[in-house]
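Trainee: Could we go through this model together, one element at a time, with the reasoning spelled out?

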Amino acid sequence: MSTRRLRSDPKTLGDVNLATQELKNLYFKRLLPIEKYYSFHHFHSPSYEDAEFDNQPMVLVMGQYSTGKTTFVRYLIEEDFPGSRVGPEPTTDCFTALMHGGVEGVIPGNALTVDPRKPFRHLDPFGNAFLNRFQCVQMPNKVLESISIIDTPGILTAAKRKLSRGYDFPAVLRWFAERVDRVVLLFDAHKLEFSDELTRAFGALSGYEDKLRVVLNKADRVDAQQLMRVYGALMWSLGKVFQTPEILRVYVGSFWSEPRQMCDHYQLLELEEEDLLADIRNLPRNAAVRKLNDLVKRARLVRAHAHVISYLKKEMPIVFCKESKKHNLIYQLPLIFTQIQQRHRVPAGDFPDCTKMQVETEKLLGQDFSKFKTLKPSMMASLDKLLTSDIANLVPLIQQQELRKKSLPGVLDGEFLGTFRPEHYKKDSFKERSGEADLVEWAVEKHKPKYDEIFFSLGPNGGKLNATRVKEWMTTSLLPNSVLAHIWRLSDVDGDGMLDNEEFALAVHLIEGKLEGQWLPRELPSHLVPPSKRQSSAGNDE
């Protein structure tokens, strides 16, 4: 995977901070008092905190075990992270939040719940059984400057469904689904078994289908006919689980940085990879919009909740038969919802899940309905104003922010996948190198005669190869285009869109290293800079 930079523009970052600050003010000053007044947090989600507004966008990666979740995370950040293990058995047994930090380190779950700078304080009610299986890995990684990634335990198959995790796994998934910007759900092209735990996990994602991106992974391991059948079976199964009129988008690919197997649908996999990475790349740009959308959804739910609570209080007797009346009201919740919709013109989609509220009777039965609050006109007027005008006034600010950020490559580099297209070519500056680079032996020198034979066999013009010829040769390595694009950038030291014999030798050296399983450098180290380019590189850095 390529080096991925988020180039900072002070004006743009100022707009981001301003939009976020305005959202925080609307929530803490206008919406939160209404939530507290009507006990919203007891029946629904906990209150927001500063960290949930200030932190980077989050991506939740989930799926059955051995579908490539941890490998997908490593594919995005282009390096291993502490505690990561990959294997055919369930290797990831905990939730791991990957976040940016100046020094690499691991923070255990119990410590995370008391850290006000992290958006995980409300995970405390899930108890030690979960918190002992939750950790945060901080790393000085370029990608993590723009997004945070949550790696999850593999969802158990039917054969293992009798195992108990010791905590409410679907409830934890729903907690994360409510707060993340994107949910990436991976399936293995070789196994599409929908276990009981997977079905319950789908239930936890109900209501957040707009955040969901489904990935059919390891698709280079099946032929085109098998892929067509597997894709159809997956779409059919998803249609039964997610009963929505919209069809979920399924990305077909092989998301790791190792050579893919040559197959008839190789080009399809490359196009699907570009689409998915483009979607993730846009998350930082759309973060403010997502927060605004979540705030609107929450405000609508608070309004419906306030009407329900007020109705239950009004229907309670003053002295006698309180318990029987309470049970009767719980039973009649669907009718109550309908009456509120008609009387107060509250859309049906704003109400909470009626069946869920009836099933979770302990939340209602444990309450004294007579102590609920009645509708307070001033609060309801404030809530209506929040929805109709205050939030609407923020939209132009966020739109201006998006327009200014169009020139900014988000996470994963906006120009990244177009490296081989001349009209999109853009030279990346390398990290500042030591002035003593001339004294460092070139690591490629001993293999250069072998690389020169390949170089001259490709027919250079004027001592250089153009991008088209280099790409044709590079793709024979079967490495993903994303990896080859990064190698091209590292190799084209002078940024002229062509490679001379030294730059080509460097490219072949990097490809061979990648094929041997080595991680590519994010910037070209001094010992890899071709001797003829060292003086010019030093001059450019100055």
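The exchange below takes up the sheet, its strands and helices, and then two single residues.

Trainee: In what order do the eight strands of the open sheet lie?
Mentor: Bear in mind that this is a predicted model. The sheet is open and its pairing is mixed, and its edges are formed by strand 3 (105-108) and strand 8 (250-252), each of which pairs on one side only. Neighbouring strands are turned against each other by 25 degrees on average, direction ignored. Read across the sheet, the order is 3-4-2-5-1-6-7-8.

Trainee: How many residues of strand 6 (residues 182-188) are buried?
Mentor: On one side of strand 6, Arg182, Val184, Leu186 and Asp188 are buried, and on the other side Val183, Leu185 and Phe187 are buried as well, which leaves both faces covered. Strand 6 is therefore largely enclosed by the rest of the structure, the count of buried residues being seven of the seven.

Trainee: Which residue of strand 7 is the bridge partner of Phe187?
Mentor: Strand 6 has pairings to consider with strand 1 (residues 58-63), parallel over five bridges, and with strand 7 (residues 212-217), parallel over six bridges. In the pairing with strand 1, Leu60 has Val183 of strand 6 as its bridge partner. In the pairing with strand 7, the partner of Phe187 is Leu216.

Trainee: What handedness does the β-α-β unit of strand 6, helix 8 and strand 7 have?
Mentor: The two strands of this unit run parallel to each other, and helix 8 (residues 196-204) is the helical part of the unit that they form together. The handedness of this β-α-β unit is right-handed.

Trainee: Which residue of strand 4 is the bridge partner of Met99?
Mentor: Strand 2 (residues 95-100) and strand 4 (residues 134-139) run parallel and are joined by six bridges. Within strand 4, the bridge partner of Met99 is Gln138.

Trainee: What angle does the direction of helix 4 make with that of strand 5?
Mentor: Helix 4 (residues 69-77) packs on the sheet, where it touches strand 1, strand 2, strand 4, strand 5 (148-151) and strand 6. Its direction and that of strand 5 make an angle of about 165 degrees.

Trainee: How is helix 17 oriented relative to helix 20, parallel or perpendicular?
Mentor: Helix 17 (residues 448-457) and helix 20 (residues 501-515) have their axes 9 Å apart and pack at an angle of about 110 degrees. Since angles of 65 to 115 degrees fall in one class, helix 17 is, relative to helix 20, roughly perpendicular.

Trainee: How do the residues of that contact between helix 17 and helix 20 divide?
Mentor: Helix 17 contributes residues including Tyr451, Ile454 and Phe455, while those of helix 20 include Phe504, Val508 and Glu512. By class, the contact residues divide into six nonpolar, two polar and five charged.

Trainee: Is Arg303 buried or exposed?
Mentor: Arg303 is found in helix 11 (residues 287-315), and, not counting residues up to four places away in sequence, it touches Pro347, Asp350, Met380, Leu383, Asp384 and Leu387. Because its relative accessibility is 14% and the cut-off is under 20%, Arg303 counts as buried.

Trainee: What is the relative accessible area of Thr113?
Mentor: Thr113 lies in the loop between helix 5 (109-112) and helix 6 (127-131). Leaving aside neighbours within four places in sequence, Thr113 is in contact with Phe120, Arg121, Leu123, Asp124 and Leu131. Thr113 is buried, and its relative accessible area is 9%.

Definitions and conventions:
Residues are numbered from 1 along each chain as its sequence is written. This is a predicted model: local features need pLDDT of at least 70, side-chain atom pairs count only at pLDDT 80 or more; totals for chains, interfaces and linings use all residues. Side-chain values use heavy atoms; hydrogens and water are left out. Buried means under 20% relative accessible area, exposed over 50%, partly exposed in between (1.4 Å probe, protein chains only). Helices (H or I, at least four residues) and strands (E, at least two) are DSSP runs, numbered from the N terminus. Two strands pair if DSSP finds at least two bridges between them. A crossover is right-handed if, with the strands pointing away from the viewer, the path from the first strand over the helix to the second runs clockwise. Axes are lines fitted to C-alpha atoms, for helices over the stretch in contact, and angles run from 0 to 180 degrees between N-to-C directions. Contact means heavy atoms within 4.5 Å. Angles under 35 degrees count as roughly parallel, over 145 as roughly antiparallel, 65 to 115 as roughly perpendicular and the rest as oblique. Ala, Val, Leu, Ile, Met, Phe, Trp, Tyr, Cys and Pro count as nonpolar, Asp, Glu, Lys and Arg as charged, and the others, Gly among them, as polar.
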